[in-house]
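Please walk through this protein with the structure open beside the text, taking its parts one after another. The explanation starts with a term that will be needed for the helices, and then moves from the overall layout to the sheet, the helices and the charged side chains.

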Amino acid sequence: MLQAQKKPVHIYLEANPNPNSLKFVVNFMLTDEGVSFDYPDEKSTENSQLAKELFNFAAVERVFIASNFVTVTKTEEVEWPEVQDFIRDHIRQYLESGKPAIDVVLDKDPLFDENDSEVVKKIKGILDEYIRPAVEQDGGAITFHSFQDGEVKVLLQGACSGCPSSTVTLKAGIENLLTRMLPDDVKSVEAEGV
């Protein structure tokens, strides 16, 4: 009788601007492109057994899962060399077992809504094409929240939550790009829930 072979899982680590976060990059996709899941605490992990298990490590403060990576934010009391191998090994063993990182199936694209105004569609398009890839590279995610009276509100998640440089990224990067590309519509950008 043939036995199912384990899926080969390779993980490498990437630092990011937030010294308390570390990005565990996997050799395959964990979620659909542009879709992310942020778990600020264990109570929020109802749709991810992997995130729930990572909170069993006392050093884990937050878990974020997107495309092909898991970003873990640790507590201030420990240093990464003390815990990173244990966390990486747990993620690898979990994924090798064939279990999904996320237990949710999306029936529509969460990024675009046919009821959006033309300006909101343009804002979402710019965020998705120009900004999301850069923010994901740093272990985080950016999501459109709202647009009203020239002000764009976004959600910064993952490594961006609590990152010392997130304000600079928001103002110097995101706001400058949006106000330059949509000068008649966008006047400022603010972060929600940071």
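A residue is called buried here when its relative accessible area is under 20%, exposed when that value is over 50%, and partly exposed in between. The coordinates come from a predicted model, and every statement below should be read with that in mind. With this cut-off, 45% of the 194 residues of the chain count as buried. The chain has four helices and eight strands, and, read along the sequence, these elements follow the pattern β-β-β-α-β-β-α-α-β-β-α-β. Among contacts between residues at least 6 apart in sequence, 59% join residues that are at least 24 apart.

The sheet is a convenient place to begin. Five strands form an open sheet in the order 1-2-5-4-3, and their pairing is antiparallel. Strand 1 (11–15) and strand 3 (36–39) stand at the edges, and because each has a single partner strand, one side of each is left without a neighbour in the sheet. From one strand to the next, the twist averages 20°. In general, strands of a sheet pair through backbone hydrogen bonds, in either a parallel or an antiparallel manner.

At one edge, strand 1 and strand 2 form a hairpin with five residues between them, and the two strands pair in the antiparallel sense over five bridges. Within this pairing, Ile11 has Val26 of strand 2 as its bridge partner. At the other edge, strand 3 pairs with strand 4 (residues 60–66), again in the antiparallel sense, over four bridges, and here Asp38 stands opposite Phe64 of strand 4.

Which strands does helix 2 lie across? Helix 2 (residues 80–96) lies across strand 1, strand 2 (21–26), strand 4 and strand 5 (69–74), and runs at about 30° to strand 2. The buried residues of helix 2 are Trp80, Val83, Ile87, Ile91, Tyr94, Leu95 and Glu96, and what covers them includes strand 1, strand 2, helix 1 (49–54), strand 4 and strand 5. The length of helix 2 can be checked against expectation: at 1.5 Å a residue, its 17 residues should span 24 Å, and the end C-alpha atoms are 23 Å apart, which agrees. After helix 2 comes Gly98, which has a positive phi near 90°.

Helix 3 (residues 118–137) can be examined in the same way. At 1.5 Å a residue, the 20 residues of helix 3 should span 28 Å, and the end C-alpha atoms are 28 Å apart, which agrees. Helix 3 nevertheless has a kink of about 50° at Ile131, shortly before the proline Pro133. Its buried residues are Val119, Val120, Ile123, Lys124, Ile126, Leu127, Ile131, Arg132, Val135 and Glu136, so that Lys124, Arg132 and Glu136 each fall under the 20% cut-off given at the start. Helix 3 is followed by Gly139, whose phi is positive, near 85°.

The charged side chains complete the picture. Side chains of opposite charge can pair when their charged atoms come close. How many salt bridges does the count give? The count comes to nine salt bridges, and three of the pairs can be followed individually. The side chains of Asp116 and Lys124 meet in a salt bridge at 2.7 Å, N to O, and both Asp116 and Lys124 are buried. Glu14 and Lys23 also meet through their side chains, at 3.4 Å, N to O; Glu14 counts as partly exposed because its relative accessibility is 22%, whereas Lys23, with a relative accessible area of 6%, is buried.

Within helix 3, Glu118 and Lys121 lie three residues apart, about one turn of the helix, and their side chains meet in a salt bridge at 3.7 Å, N to O. Glu118 is exposed, with a relative accessible area of 53%, while Lys121, at 31%, is partly exposed. Finally, Asp85, Arg88, Asp89, Arg92 and Glu96 are linked in a network of salt bridges, and Glu96 is also one of the buried residues of helix 2.

Methods: Residues numbered from 1 in each chain as written. Predicted model: local features only at pLDDT ≥ 70, side-chain atom pairs only at ≥ 80, totals over all residues. Heavy atoms only, no water. Pairing = 2+ DSSP bridges. Axes fitted to C-alpha atoms, helices over the stretch in contact; angles between N-to-C directions. Contact = heavy atoms within 4.5 Å. Expected span 1.5 Å × (residues − 1). Bend = angle between axes of the 7 residues up to and from the residue. Buried < 20%, exposed > 50% of the residue type's maximum accessible area, 1.4 Å probe, protein only. Salt bridge = Lys/Arg side-chain N within 4 Å of Asp/Glu carboxyl O.
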